[in-house]
Amino acid sequence: MAAGSSSMRILIKGGRVVNDDVTQEADVYIENGLIQQVGRDLMIPGGAKVIDASGKLVIPGGIDSSVHLQQTFMNANTQDDFYSGTKAALLGGSTMVIAHVLPERGASLLEEFEKMRAHANAEACCDYALHVGVTWWGPKVRREMELLVGERGVNSFQMFLAYKDVLMLKDSELYQAMHSCKEIGAVARVHAENGELVHEGAKEALDLGISGPEGMEISRPEELEAEATHRAITIANRAHCPVYLVNISSVSAADVIAAARMQGKVVHAETTLAHSALSGMHYYHQDWAHAAAHVIAPPLRLDPNTPDCLMGLLGNDIISVVASDHRAFSTKQKAMGKEDFTKIPHGAAGVEDRMSVIWERGVVAGKMDENRFVAVTSSNAAKIYNLYPRKGRIVPGADADVVVWDPDASRTISASSQVQGGDFNLYEGQRCHGVPLVTISRGRLVCENGVFTCAQGSGRFYPMRSFPDFLYKKMVQREKTQKLRGVERAPYSGDVAAVTNSIRKESAAPEGDVPMRASTRHTGVRDLHESSFSLSGAQVDDHVPKRSSARILAPPGGRSSGIW
């Protein structure tokens with residue numbers, strides 16, 4: 001598409017405009033890359049391209065808040081760069097993606113960010129933004145976080161409680177990172193699993209001879225996710241920082257989040273397409289390649305009710321966002337762990353299928369309505385990352401990121417026809433209702449009836465502003481009203497004890513010896529808990545004087561009555 005195509009005029013007629021809070025019958029007029037008018041009987045200039053949306057829905061373009069493009073992870077390069085990844089997103093109905101920058105330990109966050117920007121600017125087809133990973137901690141990291149937020153348009157940082165010795169932060173480091181996020185107004189994203197116990201669990205599974213993909217599920221039970229979720233929320237609460245939990249995979253973790261929200265903590269959560277649609281039984285498939293294709297972190301859960309529960313929590317606002325967490329690998333790359341499941345690269349494709357699968361599993365199944373669908377696939381992400389209402393809403397003045405959605409049309413998902421990378425699709429053969437007929441990105445008609453007409457590199461970096469109200473408004477008010485104060489009192493004027501340097505050393509028993517229990521014997525009474533045996537024949541109470549004789553007044557059992 002030509003660079004000036006954003007100036008084209010488009011009129012979408014006869015559709016039902018769906019926002020996260022309301023649905024209305026309205027036309028939408030687009031010009032200069034923006035939505036200019038929404039309503040009936042619009043007065044518009046001539047020469048506009050007219051799109052008939054009768055019987056269709058007109059929805060905000062999806063925002064996929066977690067994708068991994070042009071990335072090396074677990075010794076494997078992802079199958080998608082920013083061109084193929086954003087092309088697949090647009091064909092699936094998403095008009096913006098937020099990708100990850102994950103620096104190695106000790107690497108500069110700023111330098112890695114600039115490298116990723118250079119790749120993306122040359123290849124992206126739609127608007128994009130970047131999360132930056134905090135994979136280690138130090139004064140340099142703190143300074144670069146401030147610079148990224150203040151000058152580079154970053155407002156979110158990804159932290160990990162998993163991936164020991166690679167990405168994982170210690171609790172104290174996570175606290176400091178969250179404190180920095182609060183000071184600069186950034187979103188603190190946390191992948192919560194107990195990395196120490198995951199590491200130990202993996203070793204135990206391998207020692208038992210479990211080397212296949214099922215080891216992923218065995219070594220990372222949901223209680224480890226729930227514990228780390230609670231820990232992350234606690235640390236965030238102590239740092240007075242909003243927290244955004246990602247990749248929620250279990251009902252146990254969701255219960256922790258729901259309880260925290262009920263207590264008034266500022267906690268939001270994001271699950272993934274795979275976790276809300278699939279169960280962990282795939283890890284026990286007889287075909288190793290099939291099982292390995294489903295290896296993601298946290299793992300899919302064995303309980304077959306978990307996907308429905310997560311979808312229900314999306315519908316009821318316990319979980320705010322569903323992302324694809326797209327990270328595509330080939331079967332050959334997965335086979336690097338054919339003898340050791342800890343070496344199977346974690347990730348699966350999904351950026352192209354996210355919208356349709358959520359419509360089928362969420363709306364068609366009755367778990368959510370069309371407005372909630374817009375919320376979890378677009379509007380909530382826009383609010384959390386301070387893009388709203390420029391993104392995530394169809395309203396005059398917003399960016400013209402619009403999708404004409406056919407709720408009745410259907411398509412069958414297949415790896416053979418997908419644009420996204422990888423040679424396996426987790427949803428192979430599934431028939432999904434809900435198909436994007438037309439995708440408009442910043443006023444450009446980029447997809448129509450499956451035909452892609454967007455040039456490589458025509459996307460742009462979208463800077464995200466700090467201190468999103470959706471997260472920070474509540475925190476700022478609490479700081480004003482709940483500020484900690486010391487007690488005002490008269491100073492202490494009494495005597496103060498001198499500090500003594502002499503430390504009394506208690507005699508310790510030699511290592512391996514059990515210290516003797518203090519005796520509580522009274523004179524003349526033998527402690528039956530202590531042995532009286534001696535090689536010399538001496539008894540423990542030999543030193544007690546013995547009486548020569550004693551008159552027995554009553555024999556044992558009482559006196560005889562004389563009957564016998």
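Let us begin with G392, which, leaving aside residues up to four places away in sequence, touches P60, I63, S378, S379 and A382. Please keep in mind throughout that this is a predicted model. Where does G392 lie? The residue is placed in the loop between α13 (370–384) and β18 (402–412). Its relative accessibility is 6%, and because buried means under 20%, G392 counts as buried. From G392 to V374 the C-alpha distance is 7.9 Å, while the two are 18 residues apart in sequence.

I turn now to the aromatic residues. How many aromatic pairs does the structure hold? There are 10. One of them joins F113 and F461 in an edge-to-face arrangement, with 6.0 Å centre to centre and 75 degrees between the planes. That pair links distant parts of the chain, since F113 belongs to helix α2 (residues 109–123) and F461 to the loop between β21 (451–452) and α14 (469–481), 348 residues apart. Both F113 and F461 are buried.

A further pair is W359 with W405. Their ring centres are 5.9 Å apart and their planes stand at 55 degrees, so this pair is tilted. W359 lies in helix α12 (residues 354–364) and W405 in strand β18, so the pair ties together parts that are 46 residues apart in sequence. Are these tryptophans buried or exposed? W359 is buried, at 5% relative accessible area, and W405 is buried as well, at 0%.

Returning to F113 and F461, these two form one aromatic cluster together with F82 and Y128. F461 also has a charged partner: the charged end of R117 sits over its ring, 4.1 Å from the centre. In another such arrangement, R327 lies over the face of F73, at 3.8 Å from the ring centre.

F73 brings us to the pockets. The largest pocket has a volume of about 1,100 Å³. Its lining comprises 35 residues, and the closest to the centre are F73, M74, N75, V166 and L167. Which element gives the largest share of this lining? It is α5, with 6 residues. Elements that each supply at least two residues are β9 (72–73), α2, α5 (195–207) and α6 (214–219). By class, the lining has 16 nonpolar, 10 polar and 9 charged residues.

The second largest pocket has a volume of about 380 Å³. Among its 19 lining residues, N237, H240, M475, R478 and Q482 lie nearest the centre. Two or more residues of this lining come from each of α7 (222–238) and α14. The classes here are 9 nonpolar, 5 polar and 5 charged.

Finally, the cavities. A search of the whole structure finds 3 cavities of 30 Å³ or more. The largest has a volume of about 120 Å³. R327, which we met over the ring of F73, appears again here: H68, H191, N247, D325 and R327 lie nearest the centre of this cavity, which 16 residues line. At least two lining residues come from each of the strands β13 (156–160), β14 (187–191) and β15 (243–248). The lining divides into 5 nonpolar, 8 polar and 3 charged residues.

The second largest cavity has a volume of about 100 Å³. Of its 14 lining residues, those nearest the centre are A293, F329, A348, A349 and F424. This lining consists of 7 nonpolar, 5 polar and 2 charged residues.

Key:
Residues numbered from 1 in each chain as written. Predicted model: local features only at pLDDT ≥ 70, side-chain atom pairs only at ≥ 80, totals over all residues. Heavy atoms only, no water. 1 Å grid on protein atoms, 1.4 Å probe; cavity = no way out; pocket = protein on both sides within 12 Å on 5 of 7 lines; lining within 4 Å. Points joined across faces, edges and corners; volume = space filled by probe spheres on them. Helix = DSSP H or I, 4+ residues; strand = E, 2+ residues; numbered from the N terminus. Nonpolar A, V, L, I, M, F, W, Y, C, P; charged D, E, K, R; others polar. Buried < 20%, exposed > 50% of the residue type's maximum accessible area, 1.4 Å probe, protein only. Contact = heavy atoms within 4.5 Å. Phe/Tyr/Trp six-rings, centres within 6.5 Å; stacked < 30°, edge-to-face > 60°. Lys NZ or Arg CZ within 6 Å of the ring centre and 35° of its normal.
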